[in-house]
Amino acid sequence: MQTEQQPKIATLVFLQTVSAAVAQLKQKLQQDYERVYPGLGEIIHLILDEEEAKAWELSLFPHLFLPDLVEAHVAKLGLQPAATKQDEDRVPHRFFDMPSYELPPAYVDY
């Protein structure tokens, strides 16, 4: 039997989980940007707070938007985005390295 409290509890747990993910992401972004721009810690903190607010307005999954919003904000200031550990760990996509095959003449549409 479901009670009225169960959906409220699930929503609360979801929001706490997402908030924790956003906090971790902000901390990681702060570290990454401070590594690249050591003297701009306070400015980076302000950018992260501002862009977090925008990300929450966009979605209930703000951690998906936050890195791009921060990168765009940093770019407006004329700075380069910080390379993150995730960028370094990504495996390059090999789609364009795949061989291309030509269709035999019977299948070519003229």
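Two residues are in contact when they have heavy atoms within 4.5 Å of each other. With that in hand, here are the views of this predicted model.

**View 1. What covers helix α2.** Let us start with the neighbours of this helix. The cover over the buried residues of α2 includes α1 (5-36) and α3 (66-76).

**View 2. The buried side of α2.** Look here for G41, I44, I47, L48, E51, E52 and A55, which are buried in α2. Seen down the axis of the helix, the buried residues of α2 fall within an arc of 140°, so they line one face.

**View 3. The other side of α2.** Turned away from the buried side of α2 is a face that carries the exposed residues E42 and E57.

**View 4. The length of α2.** Helix α2 covers residues 41-58, which makes 18 residues. At 1.5 Å a residue, α2 should span 26 Å, and the C-alpha atoms at its ends are indeed 26 Å apart, so the two values agree.

**View 5. Stepping back to the whole protein.** Welcome to the wider setting of these close-ups. The protein has 4 helices and 0 strands, and from the N terminus on its elements run α-α-α-α. Of its 110 residues, 22% are buried. Taking the contacts between residues at least 6 apart in sequence, 57% join residues at least 24 apart.

**View 6. The surface.** About 8,900 Å² of the protein is exposed. Carbon and sulfur atoms supply 60% of that area.

Key
Residues numbered from 1 in each chain as written. Predicted model: local features only at pLDDT ≥ 70, side-chain atom pairs only at ≥ 80, totals over all residues. Heavy atoms only, no water. Helix = DSSP H or I, 4+ residues; strand = E, 2+ residues; numbered from the N terminus. Expected span 1.5 Å × (residues − 1). Buried < 20%, exposed > 50% of the residue type's maximum accessible area, 1.4 Å probe, protein only. Arc of directions from axis to C-beta. Areas by Shrake-Rupley, 256 points an atom, 1.4 Å probe, with all protein chains shown as cover.
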